[in-house]
Amino acid sequence: MALNLINKLYGIERDLKDAPDSERLAARQQRSQPLLDQLKAWLDKTQPRVAGQTALGKAVNYLTSNWSRLVRYVEGGNLPIDNNRAENAIRPFVIGRKNWLFSDTPKGATASAQIYSLIETAKANGQEPYAWLRYILERLPAAQRLEDYEALLPWNCSPNTAT
């Protein structure tokens, strides 16, 4: 039952992938909210009946404890249904965390985190990270005003500019 409803919710999101935020919000409230209400009713009915240590019990308890986070996305057309994009962005760093053991100092670890953040921000804004970093590092010494710095942000550069 739960998987069926969750699949329907993701189906709605697939249908709305290219829709403007206002249309997505209206559709979520009209189409997704009733499914979420059904899912919540199923959770409330099922949770007392399943043992907490079973796979189903753990899944039901997890969903119940995170319910407020799940339903938040129907409050805005710009909110994603899940955090997959963020998890995919940090995956390379989680996998490489053993390498971070070799950051000898807190300052070294901070510097690594900052450069990784810059790289992922560049990617999220359609920039090729190496080209964008080279572009901004060449121009950063000449920046003097706030506008100069803002012009170097990845969402303010055209991808062709940072090559």
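Biologist: What pattern does the protein follow when it is read along the sequence?

Modeller: In this predicted model, the protein follows the pattern α-α-α-α-α-α-α-α, and its secondary structure comes to eight helices and zero strands.

Biologist: How do you know where confidence is highest and where it is lowest?

Modeller: The confidence score runs from 0 to 100, and the protein averages a pLDDT of 88, with 91% of the residues scoring at least 70. Confidence is highest in helix H2, residues 21-46, at a mean of 96, and lowest in helix H5, residues 84-95, at a mean of 78. Where pLDDT is low, the predicted coordinates should not be read in detail.

Biologist: What makes the radius of gyration of the protein differ from that of a compact globule of 163 residues, and by which values is this judged?

Modeller: The rule takes 2.2 Å times the number of residues to the power 0.38, and for a compact globule of 163 residues this gives a value near 15 Å, whereas the protein has 22 Å. The C-alpha trace spans about 65 × 45 × 25 Å along its principal axes.

Biologist: Why is Ser32 called buried or exposed?

Modeller: A residue counts as buried under 20% relative accessible area, and Ser32, with a relative accessible area of 0%, is therefore buried. Ser32 is found in helix H2, and, leaving aside its neighbours within four places in sequence, Ser32 is in contact with Leu9, Ile12, Glu13, Ala27, Tyr73 and Val74.

Biologist: Leu9 is in that list; why does Leu9 count as buried?

Modeller: Leu9 has 3% relative accessibility, and because this falls under the 20% cut-off, Leu9 counts as buried. Leu9 lies in helix H1, residues 2-15, and its contacts beyond four places in sequence are Ser32, Leu35, Leu36, Tyr73 and Ile81. For one of these partners, Leu36, the C-alpha atoms of the pair are 8.1 Å apart in space, although the two residues are 27 residues apart in sequence.

Biologist: What makes Val60 a buried residue?

Modeller: Val60 has a relative accessibility of 2%, which is under 20%, so Val60 counts as buried. Val60 lies in helix H3, residues 55-65, and, with neighbours within four places in sequence left aside, Val60 is in contact with Trp42, Leu43, Thr46 and Gln47. The C-alpha atoms of Val60 and Val50, ten residues apart along the chain, are separated by 8.4 Å.

Biologist: Why is Pro80 called exposed?

Modeller: Exposed requires over 50% relative accessible area, and Pro80, with 55%, is therefore exposed. Pro80 is found in the loop between helix H4 (67-71) and H5, and, apart from neighbours within four places in sequence, Pro80 is in contact with Arg28 and Tyr73. The C-alpha atoms of Pro80 and Ala142, 62 residues apart along the chain, are separated by 38 Å.

Biologist: How do you know what share of the whole protein is buried, and which atoms supply the area that the protein exposes?

Modeller: Of the 163 residues, 28% count as buried, and the protein exposes about 11,500 Å², of which carbon and sulfur atoms supply 56%.

Biologist: How far apart are the mean positions of the positive and negative charges?

Modeller: The mean positions of the 21 positive and 17 negative charges are 8 Å apart.

Notes: Residues are numbered from 1 along each chain as its sequence is written. This is a predicted model: local features need pLDDT of at least 70, side-chain atom pairs count only at pLDDT 80 or more; totals for chains, interfaces and linings use all residues. Side-chain values use heavy atoms; hydrogens and water are left out. pLDDT is the predictor's confidence in each residue, from 0 to 100. Helices (H or I, at least four residues) and strands (E, at least two) are DSSP runs, numbered from the N terminus. Buried means under 20% relative accessible area, exposed over 50%, partly exposed in between (1.4 Å probe, protein chains only). Accessible areas come from the Shrake-Rupley method with a 1.4 Å probe; for residues, only the protein chains shown count as cover. Lys and Arg count as positive and Asp and Glu as negative; His and the chain ends are not counted. The place of a charge is taken as NZ of Lys, CZ of Arg, CG of Asp or CD of Glu. Contact means heavy atoms within 4.5 Å.
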